[in-house]
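Biologist: I am new to this structure and would like to learn how to read it. Could you walk me through some features, one by one?

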Amino acid sequence: MNKKTVKDINLKGKRVLMRVDFNVPMDKGVVTDDKRIRAALPTIQYVLEQGASLIVMSHLGRPKGAGFEAEFSLNPAAEALSKLLNKPVQMAPDCVGPEVEKMAKTLKPGDVLMLENTRFHPEEEKNDPELVGELARLGDVLVNDAFSAAHRAHATTAGLAAKLPTLAGFSMEEELRALD
C-alpha cells in the first residue's frame, strides 16, 4: 500500500481534521448503534495520544441542505463519542464559519471538537471550493477514516484531500489492505 497513513507523520501539536462515518442510527436523538463510532476509536485515540487536537467531521442522513435540521444533528454522536473516550467532546454549531474557526484554533493537544453535519451545506456534495477552503482553515492535516464515504467527490473527502496533507486512518488502511 503506497498511501500515507496516520502513523507516517509527526502529529504533535497539529490540528487534525478527521473525516469519519458517523452516519449512525438514532431514535429520538439517541444513538442506537455506535458500531461506526467504535470503528473510528483506534484512529481517534492514536491521534490524541500523539499530542494533536482533533476536529471530527461527518455527515448524517440526507438533510435538505438548507441549514440546521435537529433530526440530523451530530450532537448525539458527539455525546456517544465523549462517553467512549471518557472525555469531553465539544460540539460546534456548524461545520464552518467564524465561531467554528475560533473553536478550532483554540483547541489544545488532546482536545476534541465535533463539527456539525457537513450536509447542512449543499456545497458539501458539490465539492464547492469555498467550502473546501473554509474547512481547510480549521486544520493542518486531513485523516480520512471514512471508507464508506471516500468514493464521493465531496468537500470533506476529495476537496480537502487536494488541499491538505492527507493520511489514511486505521479503518481506511484496513479496508484498502483488504482490497489489495
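Modeller: We will go from the overall fold to one helix, then to charged residues. Please keep in mind that this is a predicted model.

Biologist: Let us start broadly. How many helices and strands does the protein chain have?

Modeller: The protein chain has 6 helices and 8 strands. Along the sequence they run in the order β-β-β-α-β-α-β-α-β-α-β-α-β-α.

Biologist: And what share of the residues is buried?

Modeller: Of the 180 residues, 51% count as buried. Contacts add to that picture: among those with a separation of 6 or more, 75% are between residues 24 or more positions apart. As for the outside, the accessible surface is about 8900 Å², and 48% of that belongs to carbon and sulfur atoms.

Biologist: Now a single helix. Which residues of helix H4 are buried?

Modeller: A general idea helps here. An α-helix has 3.6 residues a turn, so residues three or four places apart point the same way. In H4, which spans residues 129-136, the buried residues are Leu 131, Val 132, Gly 133, Leu 135 and Ala 136.

Biologist: What do the buried residues of H4 pack against?

Modeller: They pack against strand E1 (15-19) and helix H5 (155-163).

Biologist: Which residue caps the N-terminal end of H4?

Modeller: That is Asp 128, with a side-chain oxygen 3.0 Å from the backbone nitrogen of Glu 130.

Biologist: On to charges. How many salt bridges are there?

Modeller: The count is 6. To read one, look for a side-chain nitrogen of Lys or Arg within 4 Å of a carboxyl oxygen of Asp or Glu. One example is Asp 140 with Arg 15, where the closest N and O atoms are 3.9 Å apart. This pair links distant parts of the chain, since Asp 140 is in the loop between H4 and strand E7 (141-144) while Arg 15 is in strand E1, 125 residues apart.

Biologist: Are those two partners buried or partly exposed?

Modeller: There is one of each kind. Asp 140 is partly exposed at a relative accessible area of 33%, and Arg 15 is buried at 16%.

Biologist: What does Arg 137 pair with?

Modeller: Arg 137 forms a salt bridge with Glu 101, at 3.4 Å from N to O. Arg 137 sits in the loop between H4 and E7 and Glu 101 in helix H3 (residues 98-105), so the bridge ties together parts 36 residues apart in sequence. Arg 137 is partly exposed, with a relative accessible area of 42%.

Biologist: Which residues are joined into one network by salt bridges that share partners?

Modeller: Start with the bridge between Glu 125 and Arg 119, at 4.0 Å from N to O. Shared partners join Arg 62, Arg 119 and Glu 125 into one network. Glu 125 is partly exposed at 40%, whereas Arg 119 is buried at 4%.

Biologist: And where is Glu 124?

Modeller: Glu 124 lies in the loop between strand E6 (112-114) and H4. This residue is buried yet has no salt bridge, and the nearest side chain of opposite charge, Arg 19, is 4.0 Å away. Beyond its neighbours within four places in sequence, Glu 124 has contacts including Thr 118, Leu 131 and His 154.

Biologist: One last residue: what does the side chain of Asp 94 make a polar contact with?

Modeller: The partner is the side chain of His 121, at 2.7 Å. Asp 94 is in the loop between strand E5 (90-91) and H3, and at 23% relative accessibility Asp 94 counts as partly exposed.

Note on methods
Residues are numbered from 1 along each chain as its sequence is written. This is a predicted model: local features need pLDDT of at least 70, side-chain atom pairs count only at pLDDT 80 or more; totals for chains, interfaces and linings use all residues. Side-chain values use heavy atoms; hydrogens and water are left out. Buried means under 20% relative accessible area, exposed over 50%, partly exposed in between (1.4 Å probe, protein chains only). Helices (H or I, at least four residues) and strands (E, at least two) are DSSP runs, numbered from the N terminus. Contact means heavy atoms within 4.5 Å. A polar contact is a pair of N or O atoms within 3.5 Å; within protein, one must be able to donate a hydrogen and the other to accept it, and residues adjacent in sequence count only if both atoms are side-chain atoms. Accessible areas come from the Shrake-Rupley method with a 1.4 Å probe; for residues, only the protein chains shown count as cover. Lys and Arg count as positive and Asp and Glu as negative; His and the chain ends are not counted.
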